[in-house]
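Student: Please give me a close look at one part, the largest pocket. Then link that part to the rest of the chain.

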Amino acid sequence: MITIRRTNNHDQQVWDDYVNQHAERSPYHLYGWQYAVSDAYQHKSYYLIAEQKSEQDNEACNKVVGVLPLVIFQKPLSKPSLCALPFCDVGGVLADNNEIKEQLIAESQSVAGNIQATFIELRSTVTAKDEPTEQSSAEVNSEKVGKVSMLMPLPESSELLFSGFKSKLRSQIRKAEKNGLHYQLGSEKNMLDDFYQVFSHNMRALGSPVHAKQWFESLLNHYQEKMVISLVYKGELPIGAGIVLITGNKAAIPWASTKAEYNRLSPNMMLYWSLLKHLSDNGVTQFDFGRSSYGEGTFKFKQQWGAQPTPLDWQVIDLKQYNNKNQNKQDNTPAASSNLRALVENVWRKFPINVTIFLGPKIRKYISL
């Protein structure tokens, strides 16, 4: 008998234990993501946990067999939706088998009905393998998928990793060092000041509303040593910054930025190398470079490190269609793209940095990616 219920704060340990052993896990599935979303942006969550009764040492107990993290996402003057998960690429169902997965999705539809949500967005990958293969790359080529997750296997040491790079890539890494750049790595709160300085300037340059600094502070508070910050400096000036989140032997980099006027010094090469070196030397065997459009510039940048594409599978369940027994809509593009964001992109670059830091988070909280 499988039972599904909403979690409470006492479930964090059993939830994270299940996530950490699941083959399709990501750092975003950890319970701390829910706390950070609530702390920084006040979005409510509805985390579902599937349990199966079992006996251990002649005593009845509940074994976790599946989880589905859902965040209630509601824009001003709009009806709510459910997202698994916002502000990241993946975060859908983790389950022991497809039957439990379908039960969790069915329960999410009941939750959506109770809160009058218009749709549910589930973000996963088409295949979740511990190590991407050449076959997965060929499949992406044949299917001409737009958005992919770039996954890279890591060896047991940074020495092996570096020796496996092509000579051109090794030269690019050394170029940053020859240009006098240096980096700092750690999980200290005071590092977020320099991170946010680089990140907020980069977001303005891209014409994109910036996350609240409190978002990163909340993540660090809940992920602690599972969140690693890298800062690249020219002298005492921060010119590159990135954050990696870790679960078990998997890691992902959701945010990486450099100041464009210093890109000739290759701070991005030092930034990624510092993180890959650290992860490889500390037992991480898979690195997720994040979402890219197939064949574009960021795709090629990640591919040169050895990352292989895995198609993203973002399923949108339209509750109106579902209730009418129509086929669920599936799409590989975000369903909740913000009209407000489209309006501000063209003028955002012209705003003073202090204005973008003040206004950005008020808009960013309603953009699910």
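Tutor: We start with the pocket and then move outward.

This is a predicted model, so local features need pLDDT of at least 70 and side-chain atom pairs count only at pLDDT 80 or more, while totals for chains, interfaces and linings use all residues. Residues are numbered from 1 along each chain as its sequence is written, and side-chain values use heavy atoms, with hydrogens and water left out.

First, the space itself. On a 1 Å grid over the protein atoms alone, a pocket is an open set of points where a 1.4 Å probe fits, with protein on both sides within 12 Å along at least five of seven lines. Points are joined across faces, edges and corners, and the volume is the space filled by probe spheres set on them. The largest pocket holds about 1,200 Å³.

Next, its walls. A lining residue has an atom within 4 Å of a point. The largest pocket has 38 of them, and M203, L206, P254, A256 and R291 lie nearest its centre. By type, the lining has 18 nonpolar, 12 polar and 8 charged residues. Here Ala, Val, Leu, Ile, Met, Phe, Trp, Tyr, Cys and Pro count as nonpolar, Asp, Glu, Lys and Arg as charged, and the others, Gly among them, as polar.

Which elements build the lining? Helices (H or I, at least four residues) and strands (E, at least two) are DSSP runs, numbered from the N terminus. Those that supply at least two lining residues each are α7 (191-206), β12 (250-258), α9 (267-280), β13 (286-293), α10 (297-303) and α12 (339-348). β12 gives the largest share, with 6 residues.

Now follow β12 away from the pocket. It also helps to cover the buried residues of α2, alongside α1 (12-21), β4 (71-73), α8 (213-223), β11 (237-247) and α13 (353-364). Buried means under 20% relative accessible area, exposed over 50%, and partly exposed in between, with a 1.4 Å probe and protein chains only. Why is α2 (residues 32-41) largely enclosed by the rest of the structure? Because 8 of its 10 residues are buried. Among them are W33, Y35 and Y41. Just after α2, Q42 takes a positive phi of about 65°.

Then look at a strand group. Two strands pair if DSSP finds at least two bridges between them. β7 (residues 119-125) runs parallel to β5 (residues 81-84), joined by 3 bridges. In that pair, A84 stands opposite L122. β7 also runs antiparallel to β14 (residues 308-318), with 7 bridges, and E121 stands opposite V316 there. Of the 7 residues in β7, 6 are buried. L312 belongs to β14 and is buried, at 4% relative accessible area. The C-alpha atoms of L312 and S124 are 6.1 Å apart, though 188 residues separate them along the chain.

One more residue: S158, in helix α5 (residues 158-163). S158 is buried too, at 4%. A contact means heavy atoms within 4.5 Å. Leaving out residues up to four places away in sequence, S158 touches W273, K277, S280 and D281.

Last, the whole chain. It has 13 helices and 14 strands. Of its 369 residues, 51% count as buried. Among contacts with a separation of 6 or more, 72% link residues 24 or more positions apart.
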